[in-house]
Amino acid sequence: MIISVTERGTFKRCPQKWRYESRNGESLTPLLPPQAMGFGTMLHEAHEQWLLHPDKDPVGEIMMDIAAATLAKVKASYTAVVGAPPDDEELAGVYENIETALHVIGNYKEHWGSSLPEGYTLVAPEQTILTPIPGTLHECEKCVGVGDVLLPGGGSLTCSECEGVGTAYHYLEATLDALLRNDAGLLFVLERKTYGQRPQLENLETNDQFLAYSWVVSKLNLGPVGGVVYDGMWRRRKEGKRTLDDLFIRHVLTRAPQEFLNFERELAIEANMMAAAQADPDKYVYRNFQWQGCWDCGSKPICLAEYRGEDSDWIRAKKYTHREGAEWLTVEED
């Protein structure tokens with residue numbers, strides 16, 4: 001089982017939400033993406049291209065191309081499900097995202113000058129890494145512990161999942177915005193985030209997602225790991241009394257080696273619980289209606305419909321589509 005860093009947080013928040021959204025579950029996503037999600041995705045893509053092509057204009061070239069591609073993708077996805085293209089009212093959130101993203105990337109260039117933080121060199125741009133999780137060894141699900149997979153016409157092949165040994169680990173999938181090295185030779189994960197409310201440093205220093213990324217890098221044996229460079233962007237324009245300093249923050253976040261050991265132990269517990277929930281959702285999957293509400297949950301409409309015994313099939317068909325599979329995973333499976 002391949003578990004992403006992001007879905008770990010979803011599972012701990014609400015197993016039913018995880019079941020709806022995870023690639024290990026139904027892989028559902030709203031037909032029109034939530035505003036914050038679409039906005040963040042565009043900025044991440046823009047920064048990735050800017051890191052690779054530092055001489056390109058991040059606004060007039062990079063972001064404009066991404067905006068056009070995003071709009072076309074949303075329209076195509078909507079049309080494929082509904083049978084007709086969305087109107088401008090339905091696309092209002094997408095248009096607002098594009099306009100704000102253009103302002104943010106322009107202000108970012110004016111403030112920082114470059115997508116690469118000063119004092120760091122780029123080791124690799126966006127990377128997806130699979131890391132076996134210690135403590136999760138189990139009977140291979142593909143070959144049921146045999147080591148070989150029977151072919152329809154007769155004969156067999158060595159199981160690609162366990163390489164013939166009959167057992168396999170669960171894997172943690174981590175997608176890094178970029179991997180950097182500072183002047184002292186320490187490795188850092190560059191983590192870009194957009195936010196609506198300025199985050200507190202003490203919360204960033206204990207962020208579970210950032211610890212997961214640092215742990216993954218520590219398993220690559222590429223050198224000592226320093227931690228995470230947090231690159232925050234406020235989802236606002238520079239207007240009124242706002243200054244560029246108000247719109248952006250950067251923090252260098254380090255973690256103690258003991259934190260990696262504790263993280264690894266708890267990660268195994270989480271992974272084994274998620275595997276059990278995937279295998280038997282009726283037994284292990286439940287809803288967690290949080291005290292602060294589910295206002296930010298994209299699965300709320302279908303969740304409430306099912307819970308109340310309403311026509312959830314109609315909502316699933318008309319308001320949701322399936323997440324795109326990871327390109328690297330699709331190629332591997334083929």
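Tyr 108 counts as buried at 0% relative accessibility, and Trp 50, at 3%, is likewise counted as buried; here buried stands for a relative accessible area under 20%, exposed for one over 50%, and partly exposed for anything in between, as judged with a 1.4 Å probe and protein chains only. The structure is a predicted model, in which local features need a pLDDT of at least 70 and side-chain atom pairs count only at pLDDT 80 or more, whereas totals for chains, interfaces and linings use all residues. Residues are numbered from 1 along each chain as its sequence is written, and side-chain values use heavy atoms, with hydrogens and water left out.

A search of the whole structure for aromatic pairs returns 7 of them, a pair being two rings of Phe, Tyr or Trp (for Trp, the six-membered ring) whose centres lie within 6.5 Å, called stacked when the planes are under 30 degrees apart, edge-to-face when they are over 60 and tilted otherwise. One of these pairs joins Trp 50 and Tyr 108, which meet edge-to-face with 5.9 Å between the centres and 65° between the planes. Trp 50 belongs to helix α3 (residues 35-52) and Tyr 108 to helix α5 (residues 92-112), and the pair thus links distant parts of the chain, 58 residues apart; helices (H or I, at least four residues) and strands (E, at least two) are DSSP runs numbered from the N terminus. Tyr 120 and Phe 188 form an edge-to-face pair as well, with centres 5.7 Å apart and planes at 85°. This pair links strand β3 (residues 120-124), which holds Tyr 120, with strand β11 (residues 187-195), which holds Phe 188, across 68 residues, and both Tyr 120 and Phe 188 are buried. Trp 50 and Tyr 108 also belong, together with Phe 248, to one aromatic cluster.

Charged groups are placed over aromatic rings as well, the criterion being that NZ of Lys or CZ of Arg lies within 6 Å of the ring centre and within 35 degrees of the ring normal. The charged end of Arg 250 is found over the ring of Trp 112, at 3.9 Å from its centre, and Arg 242 lies over the face of Trp 234, 5.0 Å from the ring centre.

In the whole structure, the search yields 21 salt bridges, defined by a side-chain nitrogen of Lys or Arg within 4 Å of a carboxyl oxygen of Asp or Glu. Arg 8 forms such a bridge with Glu 270, with 2.7 Å between the closest N and O atoms. Because Arg 8 is in helix α1 (residues 5-13) and Glu 270 in helix α9 (residues 257-279), this pair ties together parts that are 262 residues apart in sequence. Arg 8 counts as buried at 1% relative accessibility, as does Glu 270 at 13%.

Arg 13 bridges to Asp 296, the closest N and O atoms being 2.8 Å apart. Arg 13 lies in helix α1 and Asp 296 in the loop between α10 (281-284) and α11 (300-307), so this bridge ties together parts 283 residues apart in sequence; Asp 296 is partly exposed, at 40% relative accessibility. In a further bridge, Lys 219 and Glu 264 meet at 2.9 Å, N to O. Lys 219 sits in the loop between α7 (208-218) and β12 (225-234), and Glu 264 in helix α9, so parts that are 45 residues apart in sequence are tied together. Lys 219 is partly exposed, with a relative accessible area of 37%, whereas Glu 264 counts as buried at 19%. Finally, a network of salt bridges links Glu 26, Arg 287, Glu 306, Asp 313 and Arg 316.
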